[in-house]
Amino acid sequence: MDWSSHYAARMGRMKGSEIRERMKLIAAADLIQLGGGLPDVSMFPVAAIAAACARILGDADLAGTALRYAPSEGYEPLRGWIAGALTRSGAPCTADNILITNGSQQGLDFAARLLLSPGDLVAVETPSFIGALRAFDAYEPRYAALPTAVGSRPPAGARFGYIGSDFQNPSGRTLSRAERLSLIAACDDAGVPLLEDGCYVDLRFEGDPIPSVFALAVQAAGDVEAVGVLHTGSFSKTLAPSLRCGWIAGPSAVIRKLVLIKQAADLATSAFTQMIALDLAEGCLDEQVARGRALYLRRRDAMLAALRDFMPPGVRWTRPEGGLYIWVELPDGVDGAAVAETALREQSVSVISGAAFFPQDPQRNTLRLSYSLASEDAAREGVRRLAGVIALAAGATSPVQR
Ligand SMILES: Cc1ncc(COP(=O)(O)O)c(C=O)c1O
């Protein structure tokens, strides 16, 4: 059987994520990992998960609930907990406004499934999270850039706009309050819904928190039921990605439509992992978040210091106030993909080429670095080696020491 002649048209657009391919290399012992934005394993609350499992499985009623199919909407007490957290963040809502998803990635997929038909226009920041682009690709959209500077307008006819407001993956950039308010007003005016990715919002280690676009939009609309923004969140970066426990929040009528999609996709997220997540959310989450912030702040500072010390002239980078990523712009004409390839092959340093984060017209002289995995010493050594590769590619003879 020639299977390739049987694949649906949409498969022609589906390609692997460079990041997920790179993740397979993580096991290589001598590799300095400055690529994938994976939470550090030292962050996983192993004892708390073990205790939560024992509590759940040690109680016949809870065990029965944990091992049955969960409702498609999600485990009610967890939906309530998330609604409480969003309410405290300035977006008053109830469990009816929450759908639990298999990680926030599934929320991105479902939102696109709800809103996109083939050929529709979707507006995304450039660069944008590669996982979102791959999820949207399956619905065969066209892409346009979503400008976020104060006073800008969304592209005409966009079915929705996708944004990462805090410490965006990959740029590390955070939208100011003024940019958020302007974006909400412009999208409201143009009738363009927004999909806000809140994956990193808890990992702020510097500066004052800014209310999410979702919260600001709920405040502007006066009621979550009237809001034009959907908001995804996740326990992946604060508890453990393997729990595959995320959520999407929005008006209850939209959530009910998303529940139909959830039913068709996989019936429900595992009740067991939702119960573990709730146990941890009520127990050690605050402590986890504090530990994560402290660790990633130290590692960001080490990486910024190494960039300052080793990068040749003409290289620029962002200074994130949270999250896991630094975006690097190389001198004009230096290809980030070639640099990433050489760094991996010759220097055992893994970084991600920035071009993969553009749906079209990639800016090729870019790289995404992550400080989540490498120790401070390893990151410094990795950046030193990377700087050597960049200096050679830029035509210089050796890295500049300052
Ligand atoms: C911006 C962003 N959104 C969503 C996700 C998906 O995360 P999860 O499905 O584990 O919640 C990631 C994962 O890295 C991400 O970086």
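Which residues line the largest cavity? In this predicted model, a search of the whole structure finds 1 cavity of 30 Å³ or more, and its volume comes to about 50 Å³. Its lining is made up of S165 and D166, the run of E196, D197, G198, C199, Y200 and V201, and then S212 and H231. Sorted by class, the residues of this lining divide into 3 nonpolar, 4 polar and 3 charged.

From the cavity the reader can turn to an open space, the second largest pocket, which has a volume of about 730 Å³. Its lining counts 31 residues, and those closest to the centre of the pocket are A85, L86, S89, V201 and D202. V201 thus appears in both descriptions, as a residue of the cavity lining and as one of the residues closest to the centre of the second largest pocket. Among the secondary-structure elements, helix α4 (76-88), strand β7 (229-234) and helix α11 each give two or more residues to the lining of this pocket, and the largest share, 5 residues, comes from α4. By class, the lining of the second largest pocket divides into 16 nonpolar, 9 polar and 6 charged residues.

Helix α11, named above for its part in the pocket lining, also takes part in a contact that spans much of the sequence. R299 forms a salt bridge with D40, and the closest N and O atoms of the pair are 2.7 Å apart. Because R299 lies in helix α11 (residues 285-310) while D40 lies in the loop between β1 (32-33) and α2 (46-57), the pair ties together parts that are 259 residues apart in sequence. Over the whole structure, the search finds 21 salt bridges.

A further place to look is the packing of two helices, α3 (residues 60-67) and α10 (residues 271-282), whose axes are 6 Å apart and meet at an angle of about 125 degrees. That angle makes α3 oblique to α10, because angles over 145 degrees would count as roughly antiparallel and those from 65 to 115 as roughly perpendicular. On the side of α3 the contact is formed by L62, T65, A66 and L67, which meet A271, F272 and M275 of α10. By class, this contact of α3 with α10 has 6 nonpolar residues, 1 polar residue and no charged residues, whereas the lining of the largest cavity includes 3 charged residues and that of the second largest pocket includes 6.

Methods
Residues are numbered from 1 along each chain as its sequence is written. This is a predicted model: local features need pLDDT of at least 70, side-chain atom pairs count only at pLDDT 80 or more; totals for chains, interfaces and linings use all residues. Side-chain values use heavy atoms; hydrogens and water are left out. On a 1 Å grid over the protein atoms alone, a cavity is a set of points where a 1.4 Å probe fits but cannot get out, and a pocket is an open set with protein on both sides within 12 Å along at least five of seven lines; lining residues have an atom within 4 Å of a point. Grid points are joined across faces, edges and corners, and a volume is the space filled by probe spheres set on the points. Ala, Val, Leu, Ile, Met, Phe, Trp, Tyr, Cys and Pro count as nonpolar, Asp, Glu, Lys and Arg as charged, and the others, Gly among them, as polar. Axes are lines fitted to C-alpha atoms, for helices over the stretch in contact, and angles run from 0 to 180 degrees between N-to-C directions. Helices (H or I, at least four residues) and strands (E, at least two) are DSSP runs, numbered from the N terminus. Angles under 35 degrees count as roughly parallel, over 145 as roughly antiparallel, 65 to 115 as roughly perpendicular and the rest as oblique. Contact means heavy atoms within 4.5 Å. A salt bridge is a side-chain nitrogen of Lys or Arg within 4 Å of a carboxyl oxygen of Asp or Glu.
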